[in-house]
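Student: I would like a close look at one part of this structure. Please choose a single piece and work outward from there.

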Amino acid sequence: MIDIKLLRDHPDLVRASQRSRGADEGLVDAALSADEVRRSSLQEFEAARGQQKSVSKNVGAAMGALNAAKKKGEPTDDLEKAAQQARDDATALSTRVKELEQASSDASRAFEKALKQIDNIVIDGVPPGGEDDFVELEKVGEPTTFDFEPLDHLALGERLGAIDMERGAKVGGSRFYFLTGVGARLELAMLNMAIAQAVEHGFTPMITPTLVRPEIMDGTGYLDAHEDVYHLPADDLYLVGTSEVALAGYHKDEILDLSDGPRRYAGWSSCYRREAGSHGKDTRGIIRVHQFQKVEMFVYCKPEDAEAEHQRLLGWERDMLGKMELPYRIIDTAAGDLGGSAARKFDCEAWVPTQGRYRELTSTSNCTTYQARRLGVRQRVEGGKTEPVATLNGTLATTRWLVAILENHQQADGSVRVPEALQPFLGLDVLKPL
């Protein structure tokens, strides 16, 4: 979630961020109003609790006077009435304090809910607008051309014995598939190459859980109006759409020592997405599927280092694309196309020859302190205080990369040339039709 102090001190900045996303600016005023109710309710509760201490002392004094009079054999009628009144006052106030405590807790929860509805503050320079309002930053390589009629990735995959959509649908339904033979080997080679590159740059490789608790999914922002997640109600667990979720939860409620630099992890996992709202889109092949493999970079760093680290993640994605010998472009994603937790996102889109356009292969997001605030991941700062860290993520390789590899490196005889850097991991230099 965003910084409460930022919301209070600079509400116009938060409104402007919401506006650039095309999101509801009214959420800012709703959160501010909820904050006022929360603070007022807390003050009332604390005042009553302070009064309760005084009343408790009165009960003690009254009971003491009564007991002393009894020992001395003195009249006690007035003292008994005073003691009873003190006890009645204490009981009534105790009930009131419990009511105010509940009201304060309810107000705090209402405020937290309102605050969570506000998206992360976009970084200066992020283009405003929606999906089509991105800014192209760079093109690398020329779109691949052929002196023959190219096949799409599914036709190639079927000829190579690499992709079986028909049996995938028979077993799992639409948007499921089998990677078979060289298809399975190609994916494993690609993912292993991604892990090797990550390790080379100081990342700790991780095999992550693919089922997570609600508080972890919520902490990353993936439950906020997100329709793509699979939920298992019987267990109240969620299937992750990226290992970013598990890696963000890895240090939940911990204080990290970042004095030696960022914590960098590379998570390898299966990923699951419902693809809600994608009816009729990319129904052929493996571009948009329900289950896939991915190697994801995830970083915890000091907030002041986040933008520089974002550029490093983009650089490592570029390295992988270069090794795959793919033409691609980099875009600065528009604010309205950002996930709620991202303050800025760069996408790398590879050329897909049979579609005549660029398609996203990787993205890298700077989530600033948004996720860490929700998950309680902090660092120790000067004076012994703690503050939230920044989190970032970026994709190094995923199943969708097979689309670009197969299509861009196909040859006239239906074979596919294996990129040179990938050959040692695959043990083949050419994939041949069956």
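Tutor: Let's take strand 16 (residues 390-398). 9 of its 9 residues are buried, so strand 16 is largely enclosed by the rest of the structure. Buried means under 20% relative accessible area, exposed means over 50%, and partly exposed lies in between (1.4 Å probe, protein chains only). Strands (E, at least two residues) and helices (H or I, at least four) are DSSP runs, numbered from the N terminus.

A word on the source. This is a predicted model, in which local features need pLDDT of at least 70 and side-chain atom pairs count only at pLDDT 80 or more, while totals for chains, interfaces and linings use all residues. Residues are numbered from 1 along each chain as its sequence is written, and side-chain values use heavy atoms, leaving out hydrogens and water.

Now the neighbours of strand 16. Strands of a sheet pair through backbone hydrogen bonds, either parallel or antiparallel. Two strands count as paired if DSSP finds at least two bridges between them. Strand 10 (residues 291-301) runs antiparallel to strand 16, and 8 bridges join them. Here Ala 390 of strand 16 stands opposite Cys 301. Strand 13 (residues 357-366) is also antiparallel to strand 16, with 3 bridges. In that pairing, Leu 392 of strand 16 is the bridge partner of Asn 366.

Step back to the whole sheet. It is open, has 8 strands with mixed pairing, and follows the order 1-11-12-13-16-10-9-4. Its edge strands are strand 1 (135-140) and strand 4 (204-207), each pairing on one side only. From one strand to the next, the twist averages 25°. Angles run from 0 to 180 degrees between N-to-C directions, and axes are lines fitted to C-alpha atoms, for helices over the stretch in contact.

Look at the strand 4 edge. Strand 4 pairs with strand 9 (residues 263-272) in the parallel sense, over 4 bridges. There, Pro 205 has Ala 266 in strand 9 as its bridge partner.

Next come the helices on the sheet. Helix 7 (residues 182-200) touches strand 4, strand 9, strand 10 and strand 16, and its direction makes about 145° with that of strand 16. Contact means heavy atoms within 4.5 Å. Helix 10 (residues 306-323) runs at about 5° to strand 16 and lies across several strands, including strand 1, strand 13 and strand 16.

Helix 7 has a helix partner too. Helix 7 and helix 12 (residues 401-408) pack at about 110°, with their axes 11 Å apart. The two helices are therefore roughly perpendicular. Angles of 65 to 115 degrees get that label; under 35 is roughly parallel, over 145 roughly antiparallel, and the rest oblique. In this contact, Gly 183, Leu 186, Glu 187 and Met 190 of helix 7 meet Trp 401, Leu 402, Ile 405 and Leu 406 of helix 12.

Both of these helices help to cover another one. Helix 5 (residues 153-160) has 6 of its 8 residues buried. What covers those residues includes helix 6 (165-172), helix 7 and helix 12. Gly 161 follows helix 5 and has a positive phi, near 65°.

One last stop is by strand 4. Thr 208 sits in the loop between strand 4 and strand 5 (211-212). Its relative accessibility is 11%, so Thr 208 counts as buried. Leaving out residues up to four places away in sequence, Thr 208 touches Ser 243, Ala 246, Leu 247, Gly 267, Trp 268 and Ser 269.
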